[in-house]
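Me: Please take a close look at the salt bridges here, with the burial of the residues that form them. From there, please work outward to the aromatic rings and the nonpolar cores, so that I can follow the account on the model.

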Amino acid sequence: MSLSQTMLSVRFHQTGGPEVLRVETLARPEPKEGEVIVRVLAAGVNFADLVRRRGDHYPVPTPLPFNPGCEFAGIIESCGDGVDSSRIGERVVGANITGGAYADYMAIDATSLMPWLDGLSPEQASMLPIQGLTAFLALTDAGMLTTNDTVFVQGATGGVGSLILRIARALGAKRIIAGIGHESKTSLAMAAGADAVVDYSRPDWTEAVRAANGGLGIDLVMDATSGGILEGGLNCLAPNGRAVVYGHAAPTPNPINVTRLLEGNLRVTGFFLGDYYRRRPEVVVAALKSLEPLFKSGRLDLAPAKVLPFAKAAEAHRLMEERSGGGKIILVPSSRMEDCNG
């Protein structure tokens, strides 16, 4: 069957709010040497997509008009020169920092693709290349999680935070405490695997974290803000505790109290998945494979919070911006919505 010569693509021609996202009909891309064309079945919505749409600082240029979407699952439909045509029909997942996944088709370097793990739906598979691997590697590689550890997860009902809860539970963490910004999110955090929930909009939240751990400090803090909540998280750490900062959603000035680090033998580690893809791709692939036994055994639930069509990309961004998505948000081609709802 020949490929359609056109496709639907979500783009923005100027930066701004979610309303700048448009669904447009464009020519289907052609693969260059070393590239393949992937028919996108599902695309993950990530905080980086919002950053670029708003025009905030991002380490990679965002040329206008821009098609966002860096996390996807799909099927190889055609191959450019230098790529074995036997790969046509292969199911793949990937992370593409240049965007392009909010579309029916995307062109991508064939060497950057990873295998789609058996047993996963397109929506589940598209959760892994960025947010799933961020959650897993931030916990295990940067955070050095063990089964003796107590963990405090800030932003626990967001896309990455909810996956950290689930993965920490699947890996057997001793106790998991979820940090939320409003008490209405308590049930979501508990459903994702938390043993206790603390609302950090309350002034006494650090004391509440310790109380939820029997009055003791926390072994591992997972932080996505790099703001004032990070400082509070450090105050929750037990001696020899660790904190992993994997985002900067609230980049307010927060000089770290070095004396506190020295006195408690504390460690603060930054985590950025993009650097793993660039410098340690073998670790990324190994991490993806490590997730397979977790969901196949039933220990890891990979159900997305919401699945929306590309035509509702603005709604998806609005939900994430308002922190009301309740977990991972996935976009799919409109033609697949019936499959997702069935």
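**Salt bridges and their surroundings**

Reply: The structure holds 15 salt bridges, and since this is a predicted model, each of the distances below is a computed value.

A good place to begin is the bridge between Lys328 and Glu71, whose closest N and O atoms are 2.6 Å apart. This bridge links distant parts of the chain, with Lys328 in the loop between helix H11 (313–321) and strand E15 (329–332) and Glu71 in strand E4, 257 residues apart. Both partners are shielded: Lys328 counts as buried because its relative accessibility is 1%, and Glu71 is buried as well, with a relative accessible area of 0%.

The bridge between Asp56 and Arg54 has another setting. Their side chains meet at 2.9 Å, N to O, and both residues are partly exposed, Asp56 with a relative accessible area of 38% and Arg54 with one of 29%. These two residues also belong to a network of salt bridges in which Arg53, Arg54, Asp56 and Glu321 are linked. A further bridge joins the side chains of Glu90 and Arg87, again at 2.9 Å from N to O, and Glu90 counts as partly exposed because its relative accessibility is 29%.

Another charged side chain has an aromatic partner: the charged end of Arg91 sits over the ring of Trp116, 4.1 Å from the centre of that ring.

This leads to the rings themselves, where the structure holds four aromatic pairs. Phe12 and Phe66 form one of them, a tilted pair with 5.7 Å centre to centre and 55° between the planes. Like the bridge from Lys328 to Glu71, which links distant parts of the chain, this pair links distant parts too, since Phe12 lies in the loop between strand E1 (6–11) and strand E2 (22–27), whereas Phe66 lies in the loop between helix H1 (47–54) and strand E4 (71–79), 54 residues apart. Phe12 is buried, with a relative accessible area of 0%, and Phe66 counts as buried because its relative accessibility is 4%.

Where does Asn67 lie? It lies in the loop between H1 and E4, and it is buried, with a relative accessible area of 13%. The side chain of Asn67 reaches the backbone oxygen of Val10 at 2.6 Å. Leaving aside neighbours within four places in sequence, Asn67 is in contact with Ser9, Val10 and Arg11, and also with Gly99, Gly100, Ala101, Tyr102 and Ala103.

A second ring pair is made by Phe152 and Trp205, whose centres are 5.8 Å apart and whose planes are at 25°, so the pair is stacked. Phe152 lies in strand E8 (residues 150–153) and Trp205 in helix H6 (residues 205–212), so the pair ties together parts that are 53 residues apart in sequence. Both Phe152 and Trp205 are buried, and together with Tyr200 they form one aromatic cluster.

Turning to the nonpolar interior, the largest nonpolar core has 60 residues, and those with the most contacts inside it are Leu165, Met222 and Phe271. Helix H3 (residues 128–142) gives this core its largest share, nine residues. For Leu165, again leaving aside neighbours within four places in sequence, the contacts are Val153, Ala156, Ile176, Ala178, Ala189, Ala192 and Ala194. Apart from this core lies another one, of 30 residues, which includes Val38, Val83, Val92 and Ala101; Ala101 is also one of the contacts of Asn67.

As a counterpoint to these interior residues, Ala191 in helix H5 (residues 186–191) counts as exposed because its relative accessibility is 69%. Its C-alpha atom and that of Asp109, 82 residues apart along the chain, are separated by 38 Å.

To return to your starting point, the salt bridges described here differ in burial: Glu71 is buried at 0%, whereas Asp56 is partly exposed at 38%.

Terms used:
Residues are numbered from 1 along each chain as its sequence is written. This is a predicted model: local features need pLDDT of at least 70, side-chain atom pairs count only at pLDDT 80 or more; totals for chains, interfaces and linings use all residues. Side-chain values use heavy atoms; hydrogens and water are left out. Rings of Phe, Tyr and Trp (its six-membered ring) pair if their centres lie within 6.5 Å; planes under 30 degrees apart count as stacked, over 60 as edge-to-face and the rest as tilted. Helices (H or I, at least four residues) and strands (E, at least two) are DSSP runs, numbered from the N terminus. Buried means under 20% relative accessible area, exposed over 50%, partly exposed in between (1.4 Å probe, protein chains only). A charge sits over a ring if NZ of Lys or CZ of Arg is within 6 Å of the ring centre and within 35 degrees of the ring normal. A polar contact is a pair of N or O atoms within 3.5 Å; within protein, one must be able to donate a hydrogen and the other to accept it, and residues adjacent in sequence count only if both atoms are side-chain atoms. Contact means heavy atoms within 4.5 Å. A salt bridge is a side-chain nitrogen of Lys or Arg within 4 Å of a carboxyl oxygen of Asp or Glu. A nonpolar core is a set of buried Ala, Val, Leu, Ile, Met, Phe, Trp, Tyr and Cys residues joined through side-chain atoms within 4.5 Å.
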